[in-house]
Amino acid sequence: RMGIRIYNTLTRSKEEFVPLVPGEVSMYVCGPTVYNYIHIGNARTFMSFDTVRRYFEYRGYRVRYVQNFTDIDDKMIRRANEEGVSVRKLGDRFIAEYLRDADALGLESATANPRATEMMGDIIDFIKALYDKGYAYDVDGDVYFDTSKFNGYGKLSHQSIDDLEAGARIEVDERKRSPMDFALWKGQKEGEPAWDSPWGEGRPGWHIECSTMASKLLGDTIDIHAGGADLIFPHHENEIAQSEAKTGKPFVNYWMHGAYLNINNQKMSKSLNNFYTAREVLQMYDPEVIRLFMLSAHYRSPLNFSIELIDQAKSGLERFYNSIANLEHLEKSADDRELEGGEDTIYSRFDSYRDKFIESMDDDFNTADAISAIYDLVR
């Protein structure tokens, strides 16, 4: 057997998976910003990479799986102020809600769920290291990463700095040396929580949190970093720049990105009124049905969420369970006769279904083909 192959966003090709430590996988998945319930698009991403992790475990690997909680950013502050609670309290509430949904969706617990606010000392040390090496500059209490100093900027999104500048929706800020530079530290504004730093009171930028947590918990170089395709630029591009500028080592060997979920062939958005939280969908459908539906497409293919398609998954799951029930009944009621010729042939073919399943999953975790192998087996 060839071993597991992964489509690497960085090289835009499928590569054989070779772990840093034989038999082990270090995996970092960008988690939710905990200001609200997760929506089903998030749920798809988390399920895809939960499945990748479980498959590694099925194949005998030990997986260290880190998924962070972003518990300080603009959305958190805005929502906390609206509700008149502290950012900390809001974070506590929606972390608990996330864990409840994750449990309902059958997601295996992460090895660690770090929170940005609990790693502030490490985050500040990380920024200071970049600053001391000349990769960062400060303006009135804000600290920016200087993208012109990092040679490989744009390598994950496969664009040059000029292309990125032309196409980027960037916060224009006169104080930055280049529009592509991004905030590592933001000076305190009125009504915002803040921490002490060498540049004054403030809070970290979003990108630096993940770089810090990944290196602190998994090491300077990790096997797999995953998230939704919407994170490729700027989030993951900026993580690479920070991490590799700081350590001088490759940050991630395999970058994995999941595709979007559409609702009735449209992009999910609050303005189109087709926005579903995972909680709402869990009230309508059994979690196993949702999971089978989500995995019925390859994680890199867009998936269309519609009631008809979920109903198909529901009848598919019923067929699986009926098949198991029939076999269990047969096992109890059958006497000890030898298998007949026809039965014998079927029996001898059983291994081929498992082989087909493993072959599909080894090929960049193709759950769609793996599930069809199970349908064939059931038939």
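A charge sits over a ring if NZ of Lys or CZ of Arg is within 6 Å of the ring centre and within 35 degrees of the ring normal. This is a predicted model, in which local features need pLDDT of at least 70 and side-chain atom pairs count only at pLDDT 80 or more, while totals for chains, interfaces and linings use all residues. Residues are numbered from 1 along each chain as its sequence is written, and side-chain values use heavy atoms, without hydrogens and water.

**Exercise 1.** Find which residue lies over the face of F275, and which over the face of Y137.

*Solution.* Start at F275. K270 lies over its face, 4.3 Å from the ring centre. Now take Y137. Here R177 lies over the face, at 3.9 Å from the ring centre.

**Exercise 2.** Classify the aromatic pair F17 and Y254.

*Solution.* Rings of Phe, Tyr and Trp (its six-membered ring) pair if their centres lie within 6.5 Å; planes under 30 degrees apart are stacked, over 60 edge-to-face, and the rest tilted. The whole structure holds 22 aromatic pairs. For F17 and Y254, the centres are 5.2 Å apart and the planes stand at 55°, so this pair is tilted. Next, locate the residues. F17 is in the loop between β2 (13–16) and β3 (24–29), and Y254 is in strand β10 (residues 252–258), so the pair ties together parts 237 residues apart in sequence. Strands here are DSSP runs (E, at least two residues), numbered from the N terminus. Both F17 and Y254 are buried (under 20% relative accessible area, 1.4 Å probe, protein chains only).

**Exercise 3.** Name the aromatic cluster that contains F17.

*Solution.* One cluster is formed by F17, Y55, F56, Y58, Y61, Y254, F357 and F365.

Definitions and conventions:
Helix = DSSP H or I, 4+ residues; strand = E, 2+ residues; numbered from the N terminus. Buried < 20%, exposed > 50% of the residue type's maximum accessible area, 1.4 Å probe, protein only.
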